[in-house]
Amino acid sequence: MTAHPLFDISGRTALVTGSSRGIGLALARGLAEAGCTVVLNGRDKDRLAEAAAGLPGGRVHTAAFDVTDGSSVADGIADVEERVGPLDILVNNAGMQLRAPLLEFTDSDWHRILDTNLTSAFLVGREAARRMTERGHGKIINICSLQSEVARPGIAPYAATKGALKMLTKGMCADWGPSGVQVNGLGPGYIETELTRPLVEDEEFSAWVRRRTPAGRWGRTQDLVGGVLFLASPAADFVSGQVLYVDGGMTSVL
Ligand code: NDP
């Protein structure tokens, strides 16, 4: 049996920011397996080369640039389009976590997390959308979080960035939708990666996640691939400004 043509994204070109490991790398692998040419991004060239070597097919490229720096982003996107070709799909995935009580949170950490989780999506999204809107098509997927909806003690700045990213998604949809660019969010629940390692290793917290999640387990990076493939596909051509939560049901229950 073949896949429905609405889900066919083979031949498209996709950039996934922050894809040297974790969720970004799993999403890049999924897009490559679906027949896309993929561009991996992160700050460390060696780590990117290692990640690219593990992906299938000969259509994997790397682009090392810091997504928080406007001029690096502008040069990075121009270079990707010149070397690889026009971008059809952008996944704004790069992000970070800093856990500390709000009263102890420093000014510099506040700016660092805001730059990495929110400003990056604006900078990379704007550069990509300049080109996508001109061509009249494109898909942008912003990796939000269950913390776009709910906060927890010790991660208020992270929740603030992810809540704002949800609204940036809707704003991008409003601005760029008329030019044929759909912008959506994907909101992961608790997923086992380097970012959540301290939580996974905390047995009490880890058990709380399992109890609190209707699916009864932590998420795996692979759990997020289907949602991104859908949002990147023609099946989602009339879906824009939405956040699809892939969280085992956690944001839906008390
Ligand atoms: P990881 O820490 O495992 O990976 C983060 C990735 O982002 C790395 O590839 C890192 O590469 C890259 N990165 C960080 N800063 C920059 C930067 N300034 N420029 C370019 N690349 C950068 O995190 P996850 O895979 O867990 O998370 C990915 C996304 O998913 C994040 O946005 C996160 O907030 C979100 N998320 C994660 C959840 C989870 O449970 N894990 C839950 C909900 C959302 P390098 O350091 O080499 O530059």
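## Helix packing and the ligand shell

In this predicted model, the axes of α1 and helix α8 (residues 225–232) come within 9 Å and cross at roughly 55°. Because angles under 35 degrees count as roughly parallel and 65 to 115 as roughly perpendicular, α1 and α8 are oblique to each other. The crossing in which α1 passes α8 is right-handed. On the α1 side the contact is made by A26, L27 and G30, and on the α8 side by V225, V228 and L229. Sorted by character, the residues of this contact are 5 nonpolar, 1 polar and no charged.

Let's turn to a second helix pair. Helix α4 (residues 107–135) and helix α5 (residues 156–176) have axes that come within 9 Å and cross at roughly 15°. That angle makes α4 roughly parallel to α5, since angles under 35 degrees count as such. Here, too, we can give the hand: α4 and α5 cross in a right-handed way. From α4, the contact takes in W110, I113, L114, N117, L118, A121, F122, G125, A129 and T133, while α5 brings P157, Y158, T161, K162, A164, L165, L168, M172 and W176. The residues of the contact of α4 with α5 comprise 14 nonpolar, 4 polar and 1 charged.

Here are the two pairs side by side:

| Helix pair | Axes come within | Crossing angle |
|---|---|---|
| α1 and α8 | 9 Å | roughly 55° |
| α4 and α5 | 9 Å | roughly 15° |

Helix α1 also leads us to the ligand. Of the 30 residues around the ligand, those that come nearest are G18, G22, R43, G95 and T193. Two elements, α1 (22–33) and β2 (37–42), give two or more residues to this shell. The largest share comes from α1, with 3 residues. So what is the division of the shell residues into nonpolar, polar and charged? The shell around the ligand holds 9 nonpolar, 15 polar and 6 charged residues.

Finally, a look at the whole chain. The protein has 8 helices and 7 strands. Along the principal axes, its C-alpha atoms fill a box of roughly 45 × 45 × 40 Å. How does the radius of gyration fit with a compact globule? For 254 residues, such a globule would have a radius of gyration near 18 Å, and the 17 Å of the protein agrees with that.

How values were computed. Residues numbered from 1 in each chain as written. Predicted model: local features only at pLDDT ≥ 70, side-chain atom pairs only at ≥ 80, totals over all residues. Axes fitted to C-alpha atoms, helices over the stretch in contact; angles between N-to-C directions. Helix = DSSP H or I, 4+ residues; strand = E, 2+ residues; numbered from the N terminus. Parallel < 35°, antiparallel > 145°, perpendicular 65-115°, else oblique. Left-handed = near helix turned anticlockwise from the far one by under 90°. Contact = placed C-beta atoms within 7 Å. Nonpolar A, V, L, I, M, F, W, Y, C, P; charged D, E, K, R; others polar. Near = placed C-beta within 6 Å. Rg over C-alpha atoms; globule rule 2.2 N^0.38 Å.
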